[in-house]
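Subject: Handover of a structure and findings

Dear colleague,

Please find below the structure that I am handing over to you. I would ask you to look through it first and then to read the notes that follow.

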Protein chains: 2
Amino acid sequence: MTHPAARLAETRKADTLHRLATDVDAWVATAAADGTPYLMPLSFLWTANTLLLSTARNNPTSRNLQANPQLHLSIGETRDVVLITGTAELLDSLPDETATAFAEKAGFDPRPANYPFFRVTPTRIQAWREVNEIKARDLMTNGTWLI
Amino acid sequence: MTHPAARLAETRKADTLHRLATDVDAWVATAAADGTPYLMPLSFLWTANTLLLSTARNNPTSRNLQANPQLHLSIGETRDVVLITGTAELLDSLPDETATAFAEKAGFDPRPANYPFFRVTPTRIQAWREVNEIKARDLMTNGTWLI
């Protein structure tokens, strides 16, 4: 089996920003107050260097994030990984223009159902495809792009 | 946009068993002792109605599962979801034949590196593609197939 060469860091960042702009869904891992892990696919919008998510107020992901804002989410595939560690903030309001951009990308509008929006601020972003990309997989640490 | 009709429960179970048999990777969500969620793609082998996983003893997934055996994992895509809640048990040993089957499917053999194996017993299995399949998405609850 031949593996492609490891991508340059700049390429990896560009590929990651492309996925953030164009992918629709993320796998979102949160934990309940009692430590029970919870995984759910949610649509996202990448805007202003943050990810917007929305889900019903009483869904486990929503309840978990209100108790513990830490999350770990992935976009992309298991062999083309983009993995983001971040913290989520429940938004009291969102500009209509941003909510509309979310609705258009996600294919559902959270507003009529009164679903809350969460803003996820990434603290760490990693991207890798094959084993040869594991070593330099950090693109962002402590909220700062390394590239 | 037209959506396909919701699958019959029997079809959904058959599709799920097919993915369990043929998919290689899962997104595995665990939580650390302090409640920090952790998400990582890992290869799996479906055998004897359980999933085998393996990762280095000091990797976060491994440490998390030793402290808190609960996990939530997904196989398939965000629009063709198979979501499994389960508990993981660190195995002291595994028959060589099973370890070899794992290595052949995963494309890496945990034995030379002395990676431990975990056996995941599903307690709940859900499968859905579109919104019209959300309602009857439970295929297994409390460790028992409903279909």
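The notes below deal in turn with the two chains, their contact, the nonpolar cores, one helix and the salt bridges.

This is a predicted model, in which local features need pLDDT of at least 70 and side-chain atom pairs count only at pLDDT 80 or more, while totals for chains, interfaces and linings use all residues. Residues are numbered from 1 along each chain as its sequence is written, chains are lettered from A and ligands numbered from 1 in the order in which they are written, and side-chain values use heavy atoms, with hydrogens and water left out.

**The two copies**

Two copies of a chain are related by a rotation about an axis and a shift along it. Here, a turn of 180° with a shift of 0.0 Å along the axis lays chain B on chain A with an RMSD of 0.0 Å; the superposition is by least squares on the C-alpha atoms of residues with pLDDT of at least 70 in both copies. The two copies are thus related as by a two-fold rotation axis. In chain B, the residue that comes closest to this axis is B:G35, with its C-alpha at 2.4 Å. Both copies use the same surface, since 100% of the contact residues of chain B recur in chain A (contact means heavy atoms within 4.5 Å).

**The contact between the chains**

Chain B and chain A each bring 29 residues to the contact. About 2,200 Å² is buried between them, and carbon and sulfur atoms give 63% of this area. Buried area is the accessible area (1.4 Å probe) that two parts lose on being put together, summed over both. Of the area that chain B buries against chain A, 28% comes from B:W27, B:P37 and B:L39, more than from any other three residues.

Between the chains there are 2 salt bridges (a side-chain nitrogen of Lys or Arg within 4 Å of a carboxyl oxygen of Asp or Glu). There are also 10 residue pairs in polar contact, both residues being at pLDDT 80 or more. A polar contact is a pair of N or O atoms within 3.5 Å; within protein, one must be able to donate a hydrogen and the other to accept it, and residues adjacent in sequence count only if both atoms are side-chain atoms. Strands β1 (25-31), β2, β5 (70-77) and β6 (80-90) of chain B each supply at least two residues of the side that touches chain A, and β5(B) gives the most, with 7 residues. Helices (H or I, at least four residues) and strands (E, at least two) are DSSP runs, numbered from the N terminus.

One residue at this contact deserves a separate look. A:D25 lies in strand β1 of chain A and, at 13% relative accessibility, counts as buried. Buried means under 20% relative accessible area, exposed over 50%, and partly exposed in between (1.4 Å probe, protein chains only). The side chain of A:D25 meets that of B:R79 in a salt bridge (2.6 Å, N to O). It also makes a polar contact of 2.9 Å with the side chain of B:T78 and one of 3.0 Å with the side chain of A:S43.

**Nonpolar cores**

A nonpolar core is a set of buried Ala, Val, Leu, Ile, Met, Phe, Trp, Tyr and Cys residues joined through side-chain atoms within 4.5 Å. The largest core has 37 residues, and among the members that touch the most others are A:L39, A:F44, A:L71 and B:L39. A second, separate core of 21 residues includes B:L42, B:L71, B:V82 and B:F118.

**Helix α3 of chain B**

The buried residues of α3 (residues 96-106) of chain B include B:A99, B:F102 and B:A103. The buried residues of α3(B) pack against α1, β2, β3, β4 and β7 of chain B. After α3(B) comes B:G107, with a positive phi near 85°.

**Salt bridges within a chain**

The whole structure holds 22 salt bridges over all chains. In one of them, the closest N and O atoms of A:R7 and A:E133 are 2.7 Å apart. A:R7 lies in the segment before α1 of chain A and A:E133 in the loop between β7 and β8, so the pair ties together parts that are 126 residues apart in sequence. Both A:R7 and A:E133 are buried.

Yours faithfully
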